[in-house]
Amino acid sequence: ATESHVINTIAWNCQGDGASLTKEHLNELFHCFLPRFLFLSETKSNQSFLEDVQVSFGYDSVYTVDPCGHSGGLDLFYMDDPAVSIFLNRSHAWFMIGDFNEITGNREKRGGRRRPENNFIPFRTMLDNCGMIGFPYKGNSFSWVGKRRSGKVKCKLDRAIGNEEWHSLFPATNVEFLQLWGSDHRPVLARIQSIYRRSRKSIRFDKRCLGRPGFREAIVSGWGPFSEVHNMDVHHKVASCRRNVISWKKNNPTNSVRLIEELKSKIDLAQMYDHTTLEELEDLISQLIYAFRKEDQYWQQKSRTKWHRTGDRDTKFHHATTKQRRARNRVTCVKDKEGRMVESDLGIEKVVVDYFQEPLSTSVSTDMENSLRYIKNKVSASENDILTSEPTEQEIKKALFDINPVKPQVQTA
């Protein structure tokens, strides 16, 4: 898949966009990133000045909230686009960006007096109630710098966040904290993207398969006779199991969401149909309860929360935890050997391949003994014999049983 079109959005607490240095920074931001949406807070400016800014940057529209005296003021500049509508609706995909004037904990603060942990509860509760999840970012996230009697204080007051629906629609969205000048807040740049290239999927253990008819038989058949463990390579046995599981899953779908919707429709129809027996209705309800339980197990497993107990139903939490982990682990940019930042998926892939390929390959034959003569041996001959010997059945069993029971995976070939 190719990369999607990127919508740049910038939010900045500019502390009055009438100052000369602030104007210079605004001009630089616009020409560097051409943001489709530009949100300014603490503008402290009158309507005529903002209209001049709108005309000079070429924005089609501007929505303003006038300042109260010499403080406040909000301005949203945006380009008209048939695909983009601005309206008040918080029931679906939801994105927030700007100066929240609060932090989630002391880890988002440097300098100054340490605040009590209960001070952060209201802000954390708001984020949790709204289902907000952060995006991967680069740059210095301490977006505000101020001076107090005790010295310099830095805090992460500015951020960009979105709810689960937003992350589903725009999974490749990423954030950058830009340079700090012209204000005591950094501008926050959000690159909104809907598509990123996915790597080849691996076959992962799915708890929903346990107890399903034919699943155990597929594993046993794939592994082969247990008496032949020493006569056949373990990797071949695992690969055979993988092929059997793939074949079994094609005939036995594990999509709980689809099954839940089908069962809901069947229950609705059954209750409207006069000839439905009580036993048939109870059987459908039991199937629905079982499907909900399997769906909850699936998302609990993907979220990797070890404290969760079977029977605790909080699938929305596990969805959010999973997406938060994906956002945190995603690589958004790398630096190539020339020192340039590379952000495209294909570019990142090439930089990584080149980084490992060049030192690990050579066109010149070398004398390994001569090359290694100055390297001191750290592993004795007896230790090397132990390390290179075939593992015993007991060692294999111990290694397998040490793995978290819901985390084993088999990579695709």
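In this predicted model, Asn174 stands opposite Arg191 in strand S13. The two residues belong to a pairing in which four bridges join S12 to S13 (residues 188-192), with the strands running antiparallel. Both strands sit within a wider arrangement, an open sheet of seven strands with the order S3-S4-S2-S1-S13-S12-S8. Pairing in this sheet is mixed. Its edges are formed by strand S3 (61-65) and by S8, each of which pairs on one side only.

Further along the sheet, S1 and S2 offer a parallel example: five bridges hold them together in that sense. Here Thr9 has Phe37 in S2 as its bridge partner. On the other side of the story, S2 also pairs with strand S4 (residues 74-78), this time in the antiparallel sense and again over five bridges. Phe37 takes part here too, standing opposite Tyr78 in S4. S2 is largely enclosed by the rest of the structure, because four of its five residues are buried.

A second open sheet has three strands, in the order S5-S11-S7, and its pairing is antiparallel. Strand S5 (95-99) and S7 are the edge strands, each pairing on one side only. Between S5 and strand S11 (residues 158-162), the antiparallel pairing extends over five bridges. Within it, Gly98 is found opposite Arg159 of S11.

A loop between strand S7 (133-134) and S8 holds Pro136. S7 is an edge strand of the three-stranded sheet, while S8 is an edge strand of the seven-stranded one. Pro136 counts as buried because its relative accessibility is 7%, under the 20% cut-off. From Pro136 to Ile161 there are 25 residues in sequence, and the two are 9.9 Å apart in space, C-alpha to C-alpha.

Turning to the nonpolar interior, the largest core has 16 residues, of which Leu38, Leu40, Phe57 and Phe77 touch the most other members. Two or more residues each come from strand S1 (7-13), helix H1 (20-33), strand S2 (37-41) and helix H2 (47-57). H1 provides the largest share, four residues. Apart from this core lies another, of 14 residues, including Ala11, Ala160, Trp166 and Ile192. Phe57 deserves a further look: leaving aside residues up to four places away in sequence, Phe57 touches Leu26, Asn27, Phe30, Leu38 and Met79. Phe57 is also part of an aromatic cluster, in which ring pairs link Phe30, Phe57, Tyr59 and Phe77.

Across the whole structure, a search finds eleven aromatic pairs. One of them joins Tyr137 and Phe177 in an edge-to-face arrangement, with 5.5 Å from centre to centre and 90 degrees between the planes. This pair links distant parts of the chain, as Tyr137 lies in strand S8 (residues 137-138) and Phe177 in strand S12 (residues 174-177), 40 residues apart. The two partners differ in their exposure. Tyr137 counts as partly exposed because its relative accessibility is 42%, between the cut-offs of 20% and 50%. Phe177, in contrast, is buried, since its relative accessible area is 6%. Another ring has a charged neighbour: Lys397 lies over the face of Phe401, at 5.8 Å from the ring centre.

As for cysteines, the structure holds zero disulfides. Cys14 counts as buried because its relative accessibility is 0%. Cys130 is partly exposed, because its relative accessible area of 21% is not under the 20% cut-off for burial.

For the chain as a whole, the secondary structure comes to 13 helices and 17 strands. Of its 413 residues, 35% count as buried. Among contacts between residues at least 6 apart in sequence, 64% join residues at least 24 apart.

Key. Residues are numbered from 1 along each chain as its sequence is written. This is a predicted model: local features need pLDDT of at least 70, side-chain atom pairs count only at pLDDT 80 or more; totals for chains, interfaces and linings use all residues. Side-chain values use heavy atoms; hydrogens and water are left out. A disulfide is a pair of cysteine sulfur atoms within 2.5 Å. Buried means under 20% relative accessible area, exposed over 50%, partly exposed in between (1.4 Å probe, protein chains only). Rings of Phe, Tyr and Trp (its six-membered ring) pair if their centres lie within 6.5 Å; planes under 30 degrees apart count as stacked, over 60 as edge-to-face and the rest as tilted. A charge sits over a ring if NZ of Lys or CZ of Arg is within 6 Å of the ring centre and within 35 degrees of the ring normal. A nonpolar core is a set of buried Ala, Val, Leu, Ile, Met, Phe, Trp, Tyr and Cys residues joined through side-chain atoms within 4.5 Å. Contact means heavy atoms within 4.5 Å. Two strands pair if DSSP finds at least two bridges between them.
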